[in-house]
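Trainee: Got a minute? I'd like to walk through this one with you and ask whatever comes to mind.
Mentor: Sure, pull it up and fire away.

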Amino acid sequence: MSGGMREDFREILRLTPAGARVLDVGCGEGDLLDLLTRERGVDGQGLEISADGVSACLARGLAVVQGDADHDLDSFPTRAFDVAILSKTLQQMRDPRHVVSELLRIADRAVVSFPNFGHWRVRWALLARGRMPETRTLPDPWWSTPNIHLCTLHDFLALTDDLGLRIEACAALSGGHPARFIHPRSVLENWRAEAALFVLRRD
Amino acid sequence: MKALSPANEGYESGGGVWRFPADRPLRLDSGAALSPLEVAYRTYGRLNADRSNAVLVLHALTGDQYLASTHPVTGKPGWWTRVVGRGLPLDPDHHFIICANVLGGCMGTTGPSSTNPATGAPYGLAFPVITIPDMVRAQAMLVEALGIETLFAVVGTSLGGMQVLQWAADYPERIFSAICIAGAARHSAQNIAFHEVGRAAIMADPDWRGGAYEAAGVRPEKGLAVARMAAHITYLSEAALQRKFGRELQSDGLSWGFDTDFQVESYLRHQGTSFVDRFDANSYLYITRALDYFDLAAAYDGQLAGAFVAARDVRFCVLSFSSDWLYSTAESRHVVRALNAAGCRASFVEIETDKGHDAIFLEEPALDSALRGFLASAAEKRGLS
């Protein structure tokens, strides 16, 4: 990733209180957890599916369990964390609805980000070319993409309504640019945002 | 094979046999009391002034205290010289490493071949049945006797991994971190079944003599060797056996008889016969029994998380091997889920390998790097340099 810190990391860092108990779901090699530990002194726990990712995290001194959100969130007790983070992997979950609802069972607050399938480039690829979109945020061809549950910003909004969740903040993310706070119900933003980041609470 | 790796030369810093006085018996789960209790151990490195750098290493079923020093019977290097030594994850330059022979063992800690004070003869089957909590209680007595209030880490493999979990349940305030490698929180039906094969082989040997073989001046070597052969298969993965031996023959053709035609047969027989030189048949019966009785959740109404609720301040690391079918990844995951449920700080990784349970002792860079990372961050939190 060019330009230093990922734009969603910057937002998450800003939103995370010092010393918070944080669960990072799909924490990869632990970049975000490491950042939060160093900058905010959080009590961090990661969940990561790849053994290489977990090993990298262990080498950095992070507490990370090899597992995945679809199967392992249910092992955590209710309200075990202050913040649960699911960064750009919601669309890869088998059961995204269950995952979002679990995040808000085990944590008081969830930070969820995902690529917006309503972005104009995506719509254009489908409308004009009649092909599955391959964009900066969705680079893989349809037959090899790990993204099995893509949604638009407004689709996700409908899910949060359905689950009775409160949206504390919503930001549009686009590679390289600083996050932009937006009104999630805006029709225009559903065209403009390449990816979206939601901060959710139970209502 | 005899040469020690230079990394470990001269690192043994002490050890011997700790003899607890008769007024300090070991209270056993069975209700019996064992006295006098002796615990044989070895140490590596030096205890620092704060007494904060002690690491207790817990060995597997047929392991012993010769963690990183030449074995007195076999002349082979210690069983974990891959991990313990200068520049290695457990480093005598930084850690004070203790390894004790398990209760019921045959390398100096009180076991069925020890002298029964009531008769003056070896205990044999008069030795009380022991459990994993009993083993841990004896280890805790040794650690206390060595003047250590809190262990920086308790690290165990296989049977030792189970003891690590028991330590976390019984003495959470006395451990700072816990590493369970290829362990489990209970023995499965398949685990018990394999052990029963081993015990049946020992007991079927006419030289077992109802456990009183020492008085008769014989040893049930055939039975113990068969027990080891059966167990050894469970330590290897099918892929590793196939890779090592395939259907390779010992000589050019089949013997058309029952000699060791196949290389895998020869290997297993060697495993069996070399084992009897260094292990006692009754110890094998007692320790396998303790493993079979192990079910950590049982004392917590079947809820494993209950065993860990008092251990929320302990830093846990659970490691499994992908091709281990003796104590599989599923068993480790079961432990990790319970740690999560109890709100413990836990790390877990399944190490990708085709070497089976035996990967504990073999070249596994991913194991080293996981141990190194976990121990380094724990050391930082503990204030060790």
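Trainee: Let's start with helix H5 of chain B, residues 221-235. How far apart should its ends be, at 1.5 Å a residue?
Mentor: Keep in mind that this is a predicted model. For the 15 residues of H5 in chain B, the expected span is 21 Å, and the end C-alpha atoms are 21 Å apart, so the two agree.

Trainee: Which residues of that helix are buried?
Mentor: In H5(B), the buried set starts with B:Gly223, B:Leu224, B:Ala225, B:Val226, B:Ala227, B:Arg228 and B:Met229. Further along H5(B), B:Ala231, B:Thr234 and B:Tyr235 are buried too.

Trainee: And what covers them?
Mentor: The cover over the buried residues of H5(B) includes three helices of chain B: H3 (189-204), H7 (263-276) and H8 (281-293).

Trainee: H8, then. What span should that one have, and what does the model give?
Mentor: H8(B) has 13 residues, so at 1.5 Å a residue you'd expect 18 Å; the end C-alpha atoms are 19 Å apart, which agrees.

Trainee: Is H8(B) mostly covered or mostly open?
Mentor: Mostly covered, with 10 of its 13 residues buried. Those in H8(B) are B:Ala281, B:Asn282, B:Ser283, B:Tyr284, B:Leu285, B:Tyr286, B:Ile287, B:Thr288, B:Ala290 and B:Leu291. Among the elements of chain B that cover them are H1 (132-145), H2 (159-170), H3 and H5. H5(B) and H8(B) turn up in each other's cover: H8 is listed for H5, and H5 is listed for H8.

Trainee: OK, zooming out. How is chain B divided up?
Mentor: Into two domains: domain 1 takes 6-188 plus 294-382, and domain 2 takes 191-288. Their centres, taken over C-alpha atoms, are 26 Å apart.

Trainee: How many residues does each domain put into the contact?
Mentor: Domain 1 of chain B gives 28 residues and domain 2 of chain B gives 21. On the domain 1 side of chain B, the residues touching domain 2 break down as 13 nonpolar, 12 polar and 3 charged.

Trainee: What about the overall build of chain B? How many helices and strands are there?
Mentor: Chain B has 10 helices and 10 strands. Its C-alpha atoms fill a box of roughly 65 × 50 × 45 Å along the principal axes.

Trainee: What radius of gyration would a compact globule of that many residues have?
Mentor: Near 21 Å for 385 residues; chain B comes out at 20 Å, so that agrees with a compact globule. Of those 385 residues in chain B, 51% count as buried. Also, taking contacts in chain B between residues at least 6 apart in sequence, 71% join residues at least 24 apart.

Trainee: Any strand in chain B worth a look? How much of S8 is buried?
Mentor: For S8 of chain B, residues 175-181, 7 of its 7 residues are buried. S8(B) pairs in the parallel sense with strand S7 (residues 151-157) of chain B, over 6 bridges. If you want a spot to check in that pairing, B:Val154 has B:Ala178 as its bridge partner.

Trainee: Switching to chain A. Which strands does S4(A) pair with?
Mentor: S4 of chain A runs parallel to S1 (residues 21-25) of chain A, with 4 bridges. S4(A) also runs parallel to S5 (residues 107-115) of chain A, with 6 bridges. As for specific pairs, A:Asp24 is bridged to A:Ile85 in S4(A), and A:Phe81 to A:Ala107 in S5(A). S4(A) covers residues 81-87, and 6 of its 7 residues are buried.

Trainee: How do the two chains meet? How many residues on each side?
Mentor: 16 residues of chain A are in contact with 22 residues of chain B. On the chain A side, helix H3 (51-59) and strand S3 (64-66) each supply at least two residues, and the largest share, 5 residues, comes from H3(A). By class, that side of chain A has 10 nonpolar, 5 polar and 1 charged residues.

Trainee: Last one: where does A:Gly175 sit?
Mentor: A:Gly175 is in the loop between strand S6 (165-173) and strand S7 (180-181) of chain A. With 13 other C-beta atoms within 10 Å, A:Gly175 counts as partly exposed. Setting aside neighbours within four places in sequence, A:Gly175 is in contact with A:Arg136 and A:Glu194.

Note on methods. Residues are numbered from 1 along each chain as its sequence is written. Chains are lettered from A and ligands numbered from 1 in the order in which they are written. This is a predicted model: local features need pLDDT of at least 70, side-chain atom pairs count only at pLDDT 80 or more; totals for chains, interfaces and linings use all residues. Domain bounds come from an automatic or database domain assignment. Two residues are in contact if their C-beta atoms, placed from the backbone, lie within 7 Å. Ala, Val, Leu, Ile, Met, Phe, Trp, Tyr, Cys and Pro count as nonpolar, Asp, Glu, Lys and Arg as charged, and the others, Gly among them, as polar. The radius of gyration is taken over C-alpha atoms; the globule rule is 2.2 Å times the number of residues to the power 0.38. A residue is buried if 20 or more other C-beta atoms lie within 10 Å of its own, exposed if 12 or fewer, and partly exposed in between; C-beta atoms are placed from the backbone. The expected span of a helix is 1.5 Å times one less than its number of residues. Two strands pair if DSSP finds at least two bridges between them.
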